[in-house]
Amino acid sequence: MERRWWISLLIAICLCVGSSGRGLETKQKVHSPLYNHTLATILVEYASAVYISDLTDLFTWTCSRCNGLTKGFEVIELVVDVQNCLQAFVGVADDLDAIVIAFRGTQETSIQNWIEDLFWKQLDFDYPGCTDGKVHHGFFNAYNNTIVRSGILDGVSRAKEIYGDLKIMVTGHSMGGAMAAFCGLDLALIYGSKNVQVMTFGQPRIGNAAFATYYSEVVPNTFRVTHEHDMVPHLPPYYQFFPQKTYHHFPREVWLYNIGLGFLIYEVEKICDDSGEDPDCSRSVSGNSITDHLTYFGVEMGCDTSSKCRIVMAPSLASYGKVDDYGNFALSRVPSKFILKKNEGPEISDQ
Ligand SMILES: *[C@@H]1O[C@H](CO)[C@@H](O)[C@H](O)[C@H]1NC(C)=O
Ligand SMILES: *[C@@H]1O[C@H](CO)[C@@H](O)[C@H](O)[C@H]1NC(C)=O
């Protein structure tokens with residue numbers, strides 16, 4: 001029954017597109033950004049590392065999750081909102097020729113409780129500059145109205161001053177994915193859509209259909225990776241009959257799932273359609289797994305400790321920081337490569 005309804009809807013959509021949208025179709029093909037598997041396996045490591053609670057290890061990029069494909073990365077800004085238990089960093093990845101920004105997901109005592117709460121998030125905030133676009137105020141505020149936004153913008157502008165025009169890549173897992181999306185949107189409005197790309201992992205829905213359309217126009221280079229039966233991308237719930245009144249994902253989903261043939265198992269990466277709610281991707285299965293939420297590409301996502309909002313920091317680190325009245329802080333530093341360049345450089349300046 002539902003299937004039949006979908007088929008008629010798809011036919012209707014095809015007819016519409018077929019009759020009016022040929023120009024658009026070709027245009028989209030040219031501009032449609034390509035999914036890059038290698039890049040996904042790199043960015044997932046950044047999204048995993050930002051969960052590390054030892055800030056000294058994170059700031060100096062010596063943490064247990066700071067090896068592998070992210071080796072050599074330099075953090076230039078680390079933002080910690082102690083009040084709301086948020087954490088993010090900005091840094092420069094030489095090998096990607098990019099500024100990388102990563103947001104930590106929620107660090108509640110129980111991820112289960114956090115996920116259950118997702119069922120009840122209201123679309124209660126009109127996203128500025130987007131007609132009829134609605135989002136959840138909590139997701140939006142976590143990025144925009146905490147120390148996080150100013151810390152990130154400060155880090156990005158310093159990186160650009162030092163390194164010139166680098167691409168900006170924004171990533172995050174779970175709630176961190178929601179924040180990454182709002183940050184990507186913000187940065188694309190400031191620095192231009194071409195310079196910003198977003199890749200999230202196991203991200204919940206954050207707004208309605210009008211918001212999703214707006215988002216995909218401003219940040220077209222966005223991939224939303226989902227994994228098998230991960231619950232979180234299924235939440236808050238989507239109701240296909242009320243796309244404006246309820247939540248709707250933005251494109252483009254990439255769904256990771258396994259196909260088993262006897263005891264051979266293949267991991268498949270399915271690049272989904274540009275609707276944001278491809279019925280043949282993660283929506284084709286039930287979202288009933290927390291375990292699938294906590295691993296992406298075999299990388300462990302989530303906290304390295306079980307205690308809520310634990311922060312470990314060497315006292316010496318405080319000298320890098322600005323602390324506000326609530327104990328929230330941002331640690332900043334000049335990248336060592338810059339110091340190197342400056343010291344090397346008799347050729348730089350002769351004025
Ligand atoms: C994919 O990303 C990697 C890492 O940034 C890069 O080296 C490679 O050239 C990219 N591939 C394509 C096809 O763009
Ligand atoms: C987002 O934050 C900036 C300050 O960082 C503020 O000027 C702006 O009004 C905020 N946007 C909304 C919609 O609250």
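## Exercises on a predicted model

**Exercise 1.** Which residues surround ligand 1, and how do they divide by class?

*Solution.* Start with the shell in this predicted model: ligand 1 is surrounded by Asn36, Thr38, Leu39 and Leu96. Next, sort the shell by class: two residues are nonpolar, two are polar and none is charged.

**Exercise 2.** Let's turn to a helix pair. Describe how helix H6 and helix H8 cross, and list the residues that meet.

*Solution.* Begin by locating the two elements: H6 covers residues 137-144 and H8 covers residues 175-191. Their axes come within 9 Å and cross at roughly 65°. The handedness follows as the next step: the crossing of H6 and H8 is right-handed. Now look at the side of each helix that takes part. H6 contributes Phe139, Phe140, Ala142, Tyr143 and Asn144, which meet Ala178, Met179, Phe182 and Cys183 in H8. Finally, class these contact residues: eight are nonpolar, one is polar and none is charged.

**Exercise 3.** Trace the order of the strands in the ten-stranded sheet, and find its edge strands.

*Solution.* Follow the open sheet across, and the order reads E10-E9-E8-E7-E6-E3-E2-E1-E14-E13, with mixed pairing. At the edges stand strand E10 (264-271) and strand E13 (321-323), each pairing on one side only. From one strand to the next, the twist averages 15°.

**Exercise 4.** In what sense do strand E1 and strand E2 pair, and over how many bridges?

*Solution.* Find E1 at residues 74-81 and E2 at residues 86-93. The two strands pair in the antiparallel sense over seven bridges. To check the register in your viewer, look for Val80, which stands opposite Gln87 in E2.

Definitions and conventions:
Residues numbered from 1 in each chain as written. Chains lettered and ligands numbered in written order. Predicted model: local features only at pLDDT ≥ 70, side-chain atom pairs only at ≥ 80, totals over all residues. Axes fitted to C-alpha atoms, helices over the stretch in contact; angles between N-to-C directions. Helix = DSSP H or I, 4+ residues; strand = E, 2+ residues; numbered from the N terminus. Left-handed = near helix turned anticlockwise from the far one by under 90°. Contact = placed C-beta atoms within 7 Å. Nonpolar A, V, L, I, M, F, W, Y, C, P; charged D, E, K, R; others polar. Near = placed C-beta within 6 Å. Pairing = 2+ DSSP bridges.
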